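User: I have a model open and want to go through it step by step. Please keep the answers short.

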Amino acid sequence: MNSGKIVLTINFITLILIIILGIYEIRTIERDTISFMENLNDVKKSVEASNWDDAYKNIEILNKNWERKKQLWSFFVNHNEIDNISMYLKQSIEYIKHRDNIEAMASLAILEHYLTHISEIEKLRIENII
């Protein structure tokens with residue numbers, strides 16, 4: 001009987017830790033995504049205005065933020081998604097370096113899709129559970 005209480009207590013503590021970690025994951029990804037999207041919007045505005053120096057400065061800020069956060073995200077998010085974001089971010093940097101407006105905007109749109117997609121699939125909703 002005493003060992004049953006111990007098992008029940010361990011299970012309860014494990015459940016609470018899983019819930020806390022899940023809440024932390026959702027909040028972290030949501031907070032980071034908002035920050036990334038603000039950076040990305042600054043980049044897009046600069047590219048649309050053909051302000052290449054600002055676009056490059058802003059994409060470098062986004063890249064530095066991503067490099068700091070992607071290790072943490074890799075604990076929660078599928079590695080293919082992480083790789084896609086990294087790939088399109090690097091691609092966008094190159095298009096901006098070469099002042100290719102059309103390719104830069106296309107690459108930034110894909111990057112935006114991946115960032116918002118991850119945030120959506122990580123939210124606690126019935127569609128994501130089933």
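User: Is Ser50 buried, partly exposed or exposed?

Analyst: This is a predicted model. Ser50 has a relative accessible area of 42%. Buried means under 20% and exposed means over 50%. The value for Ser50 falls in between, so Ser50 is partly exposed.

User: Where is Ser50 placed, and what is its phi?

Analyst: Ser50 sits in the loop between H1 and helix H2 (52-73). Ser50 follows H1 and has a positive phi. Ser50 is a residue other than glycine, and its phi is near 55 degrees.

User: Which loop holds Arg99, and what is the phi of Arg99?

Analyst: Arg99 is in the loop between H3 and helix H4 (101-122). Arg99 is a residue other than glycine with a positive phi. That phi is near 55 degrees.

User: How far apart are the end C-alpha atoms of helix H1, and what span should H1 have?

Analyst: Helix H1 covers residues 2-48, which is 47 residues. At 1.5 Å a residue, H1 should span 69 Å. The computed distance agrees with that: the end C-alpha atoms are 68 Å apart.

User: How many helices and strands are there, and in what pattern?

Analyst: The secondary structure comes to five helices and zero strands. Read along the sequence, the pattern is α-α-α-α-α.

User: What is the radius of gyration of the protein, and what would a compact globule have?

Analyst: A compact globule of 130 residues would have a radius of gyration near 14 Å. The C-alpha atoms here fill a box of roughly 75 × 25 × 20 Å along the principal axes. The protein itself has a radius of gyration of 19 Å.

User: Is Ile96 buried or exposed?

Analyst: Ile96 lies in helix H3 (residues 79-97). Its relative accessible area is 2%. Buried means under 20%, so Ile96 is buried.

User: Which residues does Ile96 touch, leaving out those up to four places away in sequence?

Analyst: One of them is Ala55, 41 residues from Ile96 in sequence. The C-alpha atoms of Ile96 and Ala55 are 6.9 Å apart. The full list is Val43, Val47, Trp52, Ala55, Tyr56, Ile59 and Ala104.

User: What share of the contacts with a separation of 6 or more joins residues 24 or more positions apart?

Analyst: The contact between Ile96 and Ala55 spans 41 residues in sequence. Across the protein, residues 24 or more positions apart account for this share of those contacts: 69%.

User: How many positive and negative side chains are there, and how far apart are the centres of the two sets?

Analyst: The protein has 15 positive and 19 negative side chains. The centres of the two sets lie 7 Å apart.

Notes. Residues numbered from 1 in each chain as written. Predicted model: local features only at pLDDT ≥ 70, side-chain atom pairs only at ≥ 80, totals over all residues. Heavy atoms only, no water. Helix = DSSP H or I, 4+ residues; strand = E, 2+ residues; numbered from the N terminus. Expected span 1.5 Å × (residues − 1). Rg over C-alpha atoms; globule rule 2.2 N^0.38 Å. Contact = heavy atoms within 4.5 Å. Lys, Arg positive; Asp, Glu negative; His and termini not counted. Charge placed at Lys NZ, Arg CZ, Asp CG, Glu CD. Buried < 20%, exposed > 50% of the residue type's maximum accessible area, 1.4 Å probe, protein only.
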